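Reader: Could we go through this structure together, taking a few questions in turn and reasoning each one out?

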Amino acid sequence: MAQTSTTNPAYRGSGPSWEVVIGLETHAQLSTASKIFSGAPTAFGAAPNTQASAVDIALPGVLPVLNRGAVERAIRFGLAVGGNVAAKSVFARKNYFYPDLPKGYQISQYEIPVVQGGGVDIVSPTRGAIRVRLTRAHLEEDAGKSLHEDYHGMSGIDLNRAGTPLLEIVTEPDLRSSDEAVAYAKALHGLVRWIGICDGNMQEGSFRCDANVSVRRAGEPLGTRCEIKNLNSFRFMQQAIDYEVRRQIALVEEGGTVVQETRLYDPDRDETRSMRSKEDAQDYRYFPDPDLPPLAISGEWIARVKAGMPELPEAMRARFGTAYGLPDHDAAMLTASRETASYFEEAVRAGGVEPKTVANWMLGEVSAALNRAEIDIAAAPVKPPALAGLLARIADGTISGKIAKDVFDAMWAGEGDADAIIAKKGLEQISDEGAIEKLVDGVLAANASIVAEFRAGKEKAFNSLVGKAMAASKGKANPAQVNAILKRKLGG
Amino acid sequence: MHSHDTLAGLAARLAARELSAVELAQDTLSRIATLGPALNAFVTLDAEGALAQARAADDAIARGTAGPLAGVPIAHKDVLMTAGLRTTCGSRMLGNFVAPYDAHVVEGLRRAGTVLVGKTNMDEFAMGSSNETSHFGPVKNPWNPAYVPGGSSGGSAAAVAARLVPGATGTDTGGSIRQPASLSGICGLKPTYGVASRYGLVAFASSLDTPGPFARTAEDCALMLNAMAGHDPRDSTSLDRPVEDYARALRAGASARPLEGLRIGLPREYFGAGNDPEVAAAIDAALAEFAKLGARTVEVALPAVKLSVPVYYVIAPAEASSNLSRFDGVRYGHRAARYDDLTDMYCRTRAEGFGAEVKRRILVGTYVLSHGYYDAYYLKAQKVRRLIANDFARAWRECDVIMGPTAPAPAFRLGDKTDDPVQMYLNDIFTIAANLTGAPAISIPCGLTKGGLPIGLQVQGDYFAEGLILNVAHRFQQATDWHDRAPALGSEP
Amino acid sequence: MTLTLDEVRRIAHLARIEIDAREAAEVHAKLEAIFTMIDELQAVDTTGVEPMSHAQDVVLTMREDRVTETDRHAEYQRVAPAVEDGLYLVPRVVE
């Protein structure tokens, strides 16, 4: 078995090193209310065939009518990736027989897609920041589903999903490892959600990837590729590509050749296997759909869509660096989703706190609490102004950072805002010089042995005394003052 | 007893309550019962439905809420969906298919108040020029039952020619309205592509399919088109244009030379040696008549038109091969009784459900779109289609209408061409171009052969010139009586 | 162009139409005649000619993104060859 590394683009087999070449095709279901060519709803999970209209089940005589909302989302995507939104694009028929494809053809775009070119920026673990070039993105319709439960030896066909709008996003073969493939897929996943064109729900199949994988010896022309389907999680994508790379390298090293084919990833066995059903479907007989004249998109429409676009994550990340002085890591984390970013900005706008403090708290306490509760930031019980209110109490010395964590937990539990909790629980910081001095005197008197250790040169003993003083104040004493007074009293 | 009235005449008498819709429906149904079976013009009759619609029409007329064609009995080609009444497309594949919706043109005629008596026989999936490919058997030409009525809308043409109904619908993909109109001695209009919606028309070749009317006169065609035309948002190729009254020009008073100044283009390609001499003579006589009406002729050149047939037999089968893929035995229609697996189920279902001509065209279409042949056939045909359209665009600078024979020969005998598809296809040599360009054309009767078979004149116009070609045909019919000639039927009541 | 008998079988399978040896031979002869007629096109000079896919030079009109359809599966399935639990039944689908 050939050795492979998932973090190095040069997968090692025996002899000269192997290079992996990957291109991804992603099917993003567009978040429209109705289907791409019919007025049937697109909601997930309805009873079989209850959301399949006459057009969706291809009754004779009915015709497709394009959904403007699907096109608008394609334009958004084109603008977001810096691609060319085609002034004129063409719908074509892709012909093949399959029971989940009611017309016997899929309406797609072939020669002239709606979005041409563009790219997605990612950070490769080995190559640093790179731009993954997109070949195209085109509009098409989703197919129905075959249910393989046994109906007297037959399969059941549910056409609810048939006609759901898809944007198929195709990269150039720019990716060199499963890590890069996953980084790209995650960036794309974030982007389509960011611009509001796809809900990104991978369990429900809203965002599905196919990977075209080939291997070659460094410097050689492209090898024969296999297309792996059914990559419905980032983890499976990584495992499937790694398996496929190992399989292809082993095959070639044993003197075999890779056959171009479609393979299915089986997560239970962690392997890919050939899909026999696709074997004879290679001649799709594409031709322009005579039912649909060309799709024209005016410059004016593009301008209107552009005006309604949110700030894109890359631009926002750069701005978070310059405007808020955040380190790049923080800026990247806070722009991982639109909700996270707007939470941050709302908290900063509420005033009274340093942006960096807000960032620290969001990436620390808030993030941990969200993970524990398994909820999205939009559902966080502590809203941005409330968080800002809490952080302001640290800044103005009302409470310590340590106490603030307890206050945050109380806020999360719904006990009220920061001020109310501080007042109710009497958590306000003790900053009165006299009071602290009295407290410190008590500690020194009660801990003569530790004082002696300190005087004998054991520096750590000082921290122990600070701890005792803080404990005596139930954490409320201003730690800086405690420090200063202790130092003075111990003859510093 | 009312069978010799035109559609316009019947509509007027119904509106004036000189005649009740129920009485007319009963009369129509009994005439169909007597004469219909021998012609095999109908696939499905709906006597009960017709009487119910007639009663409703009488009520509407009495209340003053009736549409312009209230109570007029009509028939629809069995390729147009009729809610609740089966639509077979002349195929075993759809032998029992009942749609829950009306085609747009069916809806329009229903709204105008027409009474639907039944669905007419046709070549299977509208593929044919003789009406011999129907699963329900061939239709006979009312002028001579040994002859074909033309196709693919042969049942509608025969039903109107035999005066079973005053009007019927058809669809025209390569001449399927005009050629049977010509062979059966009636009028048939193919409007501009996009003027009448294709919604509810079972697609044969989507970029060519055009619904249109059959009737005895141009005026009747205009009245039917008024009810059939109009924008339909359910068809992306339906055109959103201002509503037009196609009968308006026809209502202008007659003068001695009503077509003064009309320029008739005569393409030399339409007048070659291949035309039957009797057809050529009848067209010449018609042109002489037009000269008397004030028109003059100009010669025009349509050099690419001779390529219409090969272009058509690439594009139409290509589109058909894809359009007919939905007939797979999964959601409706025929499914083979025995099969080994999924692929076998598809293959047997389609082998059993489709007839020979349909299968042949699916194979041609599959081939011309397949890998390695697309450019040489499909793309090439689309380019030559453009050349044909360019020829017409040039011709329209020199003339207002183009005339010639609708078909090179009168009706042929049943069975004469069934073994030679290419000879059959050549029947449409003059009609196909209008489908390729999308412009309108009408066929009107202009003579009879010595053997008593009708001859048709085709009048073509530029895009949206329906009003013009209907008026040109109407003025001819005011001056001649070919449209009044009726076949002598054996058991004429 | 010569269409072989094997190609006839290949396209028949692509079109999912069962065809036996006798039919294939018969169809083959007729298709050859049709393609001889069609091959007339090959002689035409179409350099620089824009292909014509539609009868009218128009662009797509679009519908607004609104749900306009209701559940009619019971009605649609009345004409179906085999259904159960709202599903269309087909011979086992193998992937």
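Author: The questions below concern a sheet, a pocket and several salt bridges in what is a predicted model.

Reader: Which strands are the edge strands of the open sheet with the order 10(A)-11(A)-2(C)-1(C)?

Author: The four strands of this open sheet pair in antiparallel fashion, in the order 10(A)-11(A)-2(C)-1(C). An edge strand pairs on one side only, and that holds for strand 10 (145–151) of chain A and strand 1 (83–84) of chain C.

Reader: Which element gives the most to the lining of the second largest pocket?

Author: This pocket has a volume of about 900 Å³, and the residues closest to its centre include Asp121(A), Ala183(A) and Lys186(A). Strand 8 (119–124), helix 2 (178–194) and helix 5 (313–324) of chain A each supply at least two lining residues. With eight residues, the one that gives the most is helix 2 of chain A.

Reader: Is Asp391(B), which meets Arg394(B) in a salt bridge, buried or exposed?

Author: The two side chains meet at 2.7 Å, N to O, and because they lie three residues apart in helix 12 (residues 374–395) of chain B, about one helical turn separates them. Arg394(B) is partly exposed at 42% relative accessibility, whereas Asp391(B), at 3%, is buried.

Reader: Which residues are linked with Arg198(B) and Asp235(B) in a network of salt bridges?

Author: Arg198(B) and Asp235(B) form a salt bridge whose closest N and O atoms are 3.6 Å apart, linking parts of the chain 37 residues apart. Both residues are buried. The network that holds this pair also takes in Arg93(A), Asp289(A) and Asp291(A).

Key:
Residues numbered from 1 in each chain as written. Chains lettered and ligands numbered in written order. Predicted model: local features only at pLDDT ≥ 70, side-chain atom pairs only at ≥ 80, totals over all residues. Heavy atoms only, no water. Pairing = 2+ DSSP bridges. 1 Å grid on protein atoms, 1.4 Å probe; cavity = no way out; pocket = protein on both sides within 12 Å on 5 of 7 lines; lining within 4 Å. Points joined across faces, edges and corners; volume = space filled by probe spheres on them. Salt bridge = Lys/Arg side-chain N within 4 Å of Asp/Glu carboxyl O. Buried < 20%, exposed > 50% of the residue type's maximum accessible area, 1.4 Å probe, protein only.
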